[in-house]
Amino acid sequence: MSDVIRLLPDSVANQIAAGEVIQRPASIVKELVENAIDAEASNIYVLVTDAGKTCIQVIDDGKGMSETDARLSFERHATSKIREASDLFALRTMGFRGEALASIAAVAQVELKTRPASEEVGTKIVIAGSKFESQEVVSCPKGSNFSVKNLFFNIPARRKFLKANSTELSNILAEFERIALVNPDVSLSLYSNDAEVFNLPASSLRQRILSVFGKKLNQQLLTVDVDTTMIKVSGFVAKPETSRKKGMHQYFFVNGRYMRHPYFHKAVMDAYEQLIPAGDQITYFLYFEVDPANIDVNIHPTKTEIKFENEQAIWQILAAAVKESLGKFSAVPSIDFDTVDMPDIPAFEQAAPVESPKVHYNSDYNPFKSSASYSRPSVNWENLYGGLQKADTHIEPDTTDHFSDVAHTESAETGSVFSSAFNNTDHAVEKANQHLQIKGRYILTSVKSGLMIIDQHRAHVRILFDRYITQITNRQGEGQRVLFPEIIQLPASEVVVLEGIMDDLSAVGFELTNLGGGSFAVNSIPSGVEGLDPVQLVRNMVHTAMEKGNDVKEEIQNVLALTLSKAAAIVYGQVLTPDEITGLVDNLFACETPNYTPDGSVVISTIKDDDINKLFK
């Protein structure tokens, strides 16, 4: 039997490792900037071309490397952070496995210029696809200068799966923001295609947050600071009144490392229970300091998932710390007895005589007595029917028939009044084509097979979606100019996304002006969405586009149309007039796919006659 097990060549092994470490250009930016921080750099510059696909350059003024170190740094498992296994449990640096540079060199063309402060000249190394090409002496500043070109040039299949430039650049900016938020003492700059995106001088943590996300955030942040023997928690949480459904800035860091932690996120949100609407989110920037021996950061290739030894106890400490901040800064609402414009209620005087109310009635009144001298009070049946409309249900024809029978048992004169009233009701129901609205949510209508129930909000979403998609496709959207333009402030990672969908926003009627610095003026909004917050509407569409991460133009257009449709659709609880009900049903069945919303929710459900009959057996 021939041998089948063999060792992989280093170049193949490095490509396999690169598949875990280097997923996209943002991964390279993260690894190189973190290495620069570990090298104690004070100033770091990041320059990307074509969202990093063509070139990523990271320049720092850190310690630099000697000729030997520079050569060894591209070998697998070459690291300056670990000497023995126990060091894995005392790490306070970013990278440590020694795979980053080897992985980068396996899938790109890399050039490194580096010089330590103790040397007069530096070293230049060129490697492409794990193949060492040259090493020479060069004159260069102290620190390191990495240039990574043509990512995945030797793996076309991987390069083909890279997203559009706007998406990849957004990912780069998101990684850059995370690093900036945890290293405020380091000056960081980023340029995209020679245009400055970030210029963040060294500053305090609060100022760094404001530099990244905008000064408007300053009035929203509450300080969190608690120190225990198990963990130290510091940072900021936002005031309850700033909550929103999506798009909030939520960051956890532990020992200077960004992490995702749904369990701790729930601890923060529990502190806001009954302070914010259900389903809303809140902004927070929370920093943990723990003994490295009590956490494991090596459970995920990107090291964003971290396991804690005492998660339940930390959960309680975190929730208590947030609640303390909310209480300390009076973020918890209190009962406020506002006496302005209230009526003057006199105090009760015990000595004043109390008189019982007197009842007046007509002892000669007989409802069954026909008399010319008696004048029956007039009844405004139109108002009565309007009142019925505002109730949970409209009157069905079957109900009308029932009351008509009762009305005929009365005297001729009394019956004529009821007959007139229900003739008016019949007329109104007939105008609604026999449709019925119940609970301000559903529309019922009779069909041959039984009873059809339509969700009014979802039906309107379906109708509006088709309308907006048509407007986007044909570029026929009508805009409604706002009296005073509203200003929206976005971080750099969201500005890129907004610019990518700007044409489609214009197609449905939005008009935005770029004011620079991440600020945009909303000058016009689509017709039919008046009354909605235009800033929040644009923000929601940007965040939805970021969440979907789609690069196909058609998919982005669908996301915009759906977001706009959900915002503009009639809400649950809105009572509709008969004409509005008829129009909604007619427009729904004019759609190609009336049974479902664009995102797959059921619009129409039918109860068959047989199932209805079974209810009464």
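This passage describes the fold, the packing and the charged pairs of a predicted protein model.

The protein chain comprises 617 residues, of which 43% count as buried. Its secondary structure consists of 19 helices and 22 strands. Among the contacts with a separation of 6 or more, 69% are accounted for by residues 24 or more positions apart. The accessible surface of the protein chain amounts to about 33,900 Å², and carbon and sulfur atoms contribute 51% of that area.

Helix 8, which spans residues 262-271, illustrates how one element is packed into its surroundings. Its buried residues are F264, H265, A267, V268, M269 and A271. These buried residues pack against four strands and a helix, namely strand 11 (250-254), strand 12 (257-259), strand 13 (284-289), strand 15 (307-308) and helix 9 (311-328).

Individual positions elsewhere in the chain show contacts of this kind in detail. V496 is placed in helix 14, which covers residues 492-500. With a relative accessible area of 10%, V496 falls under the 20% limit and is therefore buried. Beyond residues up to four places away in sequence, V496 touches S166, L169, S170 and L173. The C-alpha atom of V496 is separated by 9.7 Å from that of E168, although the two residues are 328 residues apart along the chain.

A second buried position is A128, located in strand 4 (residues 122-128). The relative accessibility of A128 is 13%, and the residue therefore counts as buried. When neighbours within four places in sequence are set aside, A128 is in contact with A105, A108, Q109, E133 and F153. A128 and V148 are 20 residues apart in sequence, and their C-alpha atoms are 9.5 Å apart in space.

Salt bridges were examined next. Side chains of opposite charge can pair when their charged atoms come close. The model contains 12 salt bridges, and three of them are described here, beginning with the pair formed by K245 and D280. The closest N and O atoms of K245 and D280 are 3.3 Å apart. This pair links distant parts of the chain, 35 residues apart: K245 lies in the loop between strand 10 (232-238) and strand 11, whereas D280 lies in the loop between helix 8 and strand 13. The two partners contrast in their exposure, since K245 is exposed with a relative accessible area of 51%, while D280 is buried at 9%.

A salt bridge also joins the side chains of D466 and R462, with an N to O distance of 2.7 Å. Both residues belong to helix 13 (residues 456-474), and because they are four residues apart, about one helical turn separates them. D466 has a relative accessibility of 22% and so counts as partly exposed, whereas R462 is buried with a relative accessible area of 8%.

The side chains of R481 and E511 likewise meet in a salt bridge, at 2.9 Å from N to O. R481 is found in strand 19 (residues 479-489) and E511 in strand 20 (residues 511-516), so this pair ties together parts that are 30 residues apart in sequence. R481 counts as exposed at 53% relative accessibility, and E511 counts as partly exposed at 34%.

Charged residues also occur in a surface patch. D225, D227, E289 and E324 gather there in a patch of negative charge. One of these residues, D227, is placed in strand 9 (residues 221-227). D227 has a relative accessible area of 58%, which exceeds the 50% limit, and the residue is therefore exposed.

Finally, the backbone was considered at two loop positions. A51 has a phi near 55°, a positive value in a residue other than glycine. A51 lies in the loop between strand 1 (43-49) and strand 2 (55-60), and it is buried with a relative accessible area of 5%. F152, which is not a glycine either, has a positive phi of about 60°. The position of F152 is in the loop between strand 6 (143-149) and helix 5 (156-160). At 1% relative accessibility, F152 counts as buried.

Terms used
Residues numbered from 1 in each chain as written. Predicted model: local features only at pLDDT ≥ 70, side-chain atom pairs only at ≥ 80, totals over all residues. Heavy atoms only, no water. Buried < 20%, exposed > 50% of the residue type's maximum accessible area, 1.4 Å probe, protein only. Contact = heavy atoms within 4.5 Å. Patch = residues over 30% accessible without salt bridge, like charges linked within 9 Å, V, L, I, M, F, W, Y side chains within 5 Å. Areas by Shrake-Rupley, 256 points an atom, 1.4 Å probe, with all protein chains shown as cover. Salt bridge = Lys/Arg side-chain N within 4 Å of Asp/Glu carboxyl O. Lys, Arg positive; Asp, Glu negative; His and termini not counted. Charge placed at Lys NZ, Arg CZ, Asp CG, Glu CD.
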